[in-house]
Amino acid sequence: MKSIKYILVYSVLLINFTGFGQYGRQKKADNLFNKFSFVNAAESYKTLIENNFNTDYSIRQLADCYAYMRNPDSAAVYYKKAVENNNVPIEYYYKYAQALRGIKDYKASRIWLKKFEVAGGTLNNNQFAKDIDFINSIFNAKPQYVIKPVNFNSKFSDFGAYEYDNKIYFTSSRNEGVSTKHIYGWDGQPFLDVYVKDKNSKDSIVNNKYKIKGKVNSIYHDGPVTITNDGKTMYFSRNNFNNNVLEKDKKGISNLKIYKATLINDAWTNIEELPFNSDDYSMGHPALNSDGTKLYFASDMPGSIGGSDIYYVYINSNGTFGKPQNLGNVVNTKKNEVFPFINNEGILFFSSDGHPGLGLLDVFATLSDKNDTIVSVLNLGVPVNSSKDDFSFFMSADGVNGYFASNREGGVGSDDIYAYERILPLQIEGIVTDAINKKPIINATITLLDAGGNKIADALTDGDGHYEINIDRDSDYKIVIHESKYNDDAKLVTSKNIDKTTRSIIADFSLNPILDIETIAELKTIYFDFDKFNIRKDAELELYKIVNMMVNTYPTMIIKIESYADSRGTKIFNDWLSQQRAKSTFDYLVSKGVNPERILKYEGFGERKLINGCDGTIRCTEKEHQLNRRTEFIVIKMKQ
């Protein structure tokens, strides 16, 4: 019996894992997409399309991936497929037009721009939107993020927010009350220090008690910071200040240097200057890659392309450093590139006033090919970027939210920290349960239809009865639920007039079981040997299913038992024999724990309900007679 249970459980798990493979792949693809890992995301979306899972959505995402990979030819192919869908969001008309412009099909591009306007779209006529680099136009066809100020900004400069272990580290000049010798003459504010607060703290008053413990903060500028995965080492920027002496170059400038500190007894101490610093030029804004093998930074060292460039240096396993290397002219321009950040997919974000942008410093992301070679940069657009300085970008591990700083209008101080959140695809999600016992229904099929009744996607409920499917905003849908043991159900759902920060619409279902024990229990009819009424071994396996169902699944179900005989023998004998078969079935169920009060009756019907023509007038095989020597089960009530 244990082996039977194992086989049944294994079969359910196999079906469940198979069904959820596609949705898991979609979630993985979306996660990679959010983190700008477009090469890897594209491979997953192609697999989803091949498996016909949420195809319309996957086609649009794949088209975007190709656009961001600077491949307008492939992007145009998939945007064309996308706009052939009647329910496509209208910004894809605009994206298709831009892709056509990218392959120099200007006539077709103008046609689709006109369709975009007719459909209600508004063309942005600023210079940035007309940039010949079509990927920026496509990315900024609609806002990708929503932003909001954090609650711990001050009237002074605040920037460099960096999240680690549920704490937010940031740099600020809020050190009020210091003596005038600790005021930075450039902007009349106190020098910068590094602060830390709990991520979930609602305390908006962040004062000196929030300065990080240890020796990172000096009497001059300190910060921003980056921390190794093990939490034991911090790299940070600081003025060239050593042994209580502020060193200056020949021009009288104290340049930035990069230092590291070690966490000992909850305090950052053992401050060490990195060996590739120089008194003659600046190195600052350190950022680590995900495995801690590379340190990125900004510097104006000799050999830089512009004012300051992004560099990186290898960190060897023994703690030594390689030689700083310039990232090259795809990233660096003749102006300034500063504040690098590397997400956990190896994508570099930085600020620049040399690439085409919206104002002064803008935040950019790098785009890489299959060989991880940086081939282009992408302006993150509004609302992350503005006409002012936007910098010190940080992204969380899931790619959904993070921080940046800006001196845009409307802030609290000169520079303020802002939190951003990715505008994610909207989801329909819910729980499907059994209407009788309220237990989750596993492997129910959820079919998503558009307003015209066309199938968009299928999904299966998981072990908790949960499902989720990505949908478009501002659209109408129908959800149909099917599971073979239950009556189908359906709901109409709309995503119109929903706030853009909303991530999911809840649509729960409660299904009524079909009043058919063979279907509910996945039961095979039990049979008896000729002239006998004992329960056979094969019948025990089936009766076990009924016991499990009545004891565990539907403990209030009421049934009746009907047993039959074949046509051989007298009618009186067959009536008696079938009655004994019914009683044997009844006795077996009761012996295994079924309450006898839940079996309304057990009856024998002899040969009166033959399921074939074997009534004695024709010659039948033993196999045909066997079909009539059976017991059937009828549901009377599911719930008392």
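**Exercise 1.** How many nonpolar, polar and charged residues does the lining of the second largest cavity have, by class?

*Solution.* The model is predicted, so local features need pLDDT of at least 70 and side-chain atom pairs count only at pLDDT 80 or more, while totals for chains, interfaces and linings use all residues. Residues are numbered from 1 along each chain as its sequence is written, and side-chain values use heavy atoms, with hydrogens and water left out.

Begin with the term: a cavity is a set of points, on a 1 Å grid over the protein atoms alone, where a 1.4 Å probe fits but cannot get out, and its lining residues have an atom within 4 Å of a point. Next, list the lining of the second largest cavity, which is made up of V146, E421, R422, I423, L424, R473, K500, T501, T502 and R503. Then sort them, counting Asp, Glu, Lys and Arg as charged, Val, Leu and Ile among the nonpolar, and Thr among the polar residues. The result is three nonpolar, two polar and five charged residues.

**Exercise 2.** Find which residues lie closest to the centre of the largest cavity.

*Solution.* The largest cavity has a volume of about 140 Å³, where a volume is the space filled by probe spheres set on the grid points. Of its 16 lining residues, D56, R60, I456, D472 and Y477 are the closest to the centre.

**Exercise 3.** Describe the disulfide (a pair of cysteine sulfur atoms within 2.5 Å).

*Solution.* The structure holds one disulfide, which joins C614 to C620 with an S to S distance of 2.1 Å. The link is left-handed, with -100° about the S-S bond. Finally, both C614 and C620 are buried, that is, under 20% relative accessible area (1.4 Å probe, protein chains only).

Definitions and conventions. On a 1 Å grid over the protein atoms alone, a cavity is a set of points where a 1.4 Å probe fits but cannot get out, and a pocket is an open set with protein on both sides within 12 Å along at least five of seven lines; lining residues have an atom within 4 Å of a point. Buried means under 20% relative accessible area, exposed over 50%, partly exposed in between (1.4 Å probe, protein chains only).
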